[in-house]
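Hi everyone, thanks for making the time. I'd like to walk you through a structure that will be new to most of you, so let's get it up on the screen.

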Amino acid sequence: MAFEDLLTQFGYPALSIGTVIEGEAALIFGGILAKEGYFALGWVVGIAFLTTLACDQFFFFLGRFQGCKALNKWPKLQAKSRKITGLVHRNHLWLAVFFRFVYGFRSITPFTIGLCGITPIRFLILNLIGVSLWVFLLTSLGYVFGHALDWVLQSVRNWELWIIGGLTGAGLLVWGLVALRRKMVGKYLHLIP
């Protein structure tokens, strides 16, 4: 099955799953594929927006209605949530909008915000703003990166033999230095008191 056929059949569902698992990479890659003509940019933005919004809302309501049970059941979750609770109480507005831009905060922050008693409508409004910014910025980055990737690939085609030769030479040099170091360490290891 060709790459184009895979994208046609599974591209948008894979984008949705990718947005949940590794959102930043999925959005940037979705933007690149939109630039290359494999995806429609509007669909990439729409799917990523709805998937991210749904996940955030799910974790918010999980924290709101099952937060105490979950914290008692999973001590690691309790430790992570405790760190974020102070941030929520000090500045929940900024945190609710920008948490997804900080790696590792994407699922625990809405959970903790729900646990801290922020109203659902307030979180929804702040989440709509945050998701919109996040999806637009990362998809745009991928789309722009797609233009740069085209330029790089055109440039690489002109220099590919030199690049392959240089990378091969650098790899052999590193391998030789590591082998020499091992030999030297083995030879003089008995001199160490």
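Let me start with a question: which are the buried residues of helix 5? They are Ile108, Thr109, Pro110, Phe111, Thr112, Ile113 and Gly114. So you're looking at a helix that is mostly covered, with seven of its eight residues buried. Just after helix 5 comes glycine 117, and its phi is positive, at about 90 degrees. Before I go on, please keep in mind that this is a predicted model.

Okay, let's step back to the whole chain. The protein chain has six helices and zero strands, so if you read along the sequence the pattern is simply α-α-α-α-α-α. There are 193 residues in the protein chain, and 30% of them count as buried. Now look at the contacts between residues at least 6 apart in sequence: 83% of those join residues at least 24 apart.

Next, the inside. The largest nonpolar core has 15 residues, and those with the most contacts inside it are Ile84, Val88, Leu95, Ala96, Phe111, Ile113 and Phe123. Which elements give two or more residues to this core? They are helix 3, helix 4, which runs 75-98, helix 5 at 108-115, and helix 6 at 120-188. Helix 4 gives the most, with five residues. There's also a second, separate core of eight residues, and Leu7, Leu33, Ala34 and Phe39 are among them.

Let me zoom in on phenylalanine 123, one of those well-connected residues in the largest core. Leaving aside neighbours within four places in sequence, phenylalanine 123 is in contact with Asp56, Gln57, Phe60, Ala96, Pro110, Ile113 and Ile118. Phe123 also turns up in a cluster linked by ring pairs, together with Phe60, Phe61 and Phe65.

While we're on rings: a search of the whole structure finds eight aromatic pairs. Take tyrosine 12 and tryptophan 43: the ring centres are 6.0 Å apart and the planes sit at 45 degrees, so this pair is tilted. This pair links distant parts of the chain, with tyrosine 12 in helix 1 and tryptophan 43 in helix 3, 31 residues apart. Are these two buried or exposed? Tyrosine 12 is partly exposed, at a relative accessible area of 24%, while tryptophan 43 is exposed, at 55%.

Now have a look at phenylalanine 99, in the loop between helix 4 and helix 5. Phenylalanine 99 has a relative accessible area of 1%, so it counts as buried. What does phenylalanine 99 touch, if you don't count residues up to four places away in sequence? The list is Asp56, Phe105, Arg106, Thr109, Pro110 and Asn127. As for proline 110, that residue is 11 residues along the chain from phenylalanine 99, and the two C-alpha atoms are separated by 8.6 Å.

Two leucines are worth a stop as well. Leucine 33 is found in helix 2, and with 5% relative accessibility it counts as buried. Leucine 33 and glycine 146 are 113 residues apart in sequence, yet C-alpha to C-alpha they are 7.6 Å apart in space. The other one is leucine 41, in helix 3. Leucine 41 counts as partly exposed, at 35% relative accessibility. From leucine 41 to glycine 30 is 11 residues in sequence and 8.1 Å in space, C-alpha to C-alpha. Its contacts, again leaving aside neighbours within four places in sequence, are Ala34, Thr139 and Tyr143.

Last topic: pockets. Rolling a probe the size of a water molecule over the atoms shows where empty space is left. Here, the largest pocket holds about 270 Å³ of space. Of the 15 residues lining this pocket, the closest to its centre are Thr19, Val20, Ile21, Arg106 and Ser107. The elements giving two or more residues to the lining are helix 1 (3-21), helix 2 (23-35) and helix 3 (41-73). Which of them gives the most? That's helix 3, with five residues. And what is the lining made of? Five nonpolar residues, six polar and four charged.

That's my tour, and I'm happy to go back to any part of it.

Definitions and conventions: Residues numbered from 1 in each chain as written. Predicted model: local features only at pLDDT ≥ 70, side-chain atom pairs only at ≥ 80, totals over all residues. Heavy atoms only, no water. 1 Å grid on protein atoms, 1.4 Å probe; cavity = no way out; pocket = protein on both sides within 12 Å on 5 of 7 lines; lining within 4 Å. Points joined across faces, edges and corners; volume = space filled by probe spheres on them. Helix = DSSP H or I, 4+ residues; strand = E, 2+ residues; numbered from the N terminus. Nonpolar A, V, L, I, M, F, W, Y, C, P; charged D, E, K, R; others polar. Core = buried A, V, L, I, M, F, W, Y, C linked by side-chain atoms within 4.5 Å. Buried < 20%, exposed > 50% of the residue type's maximum accessible area, 1.4 Å probe, protein only. Contact = heavy atoms within 4.5 Å. Phe/Tyr/Trp six-rings, centres within 6.5 Å; stacked < 30°, edge-to-face > 60°.
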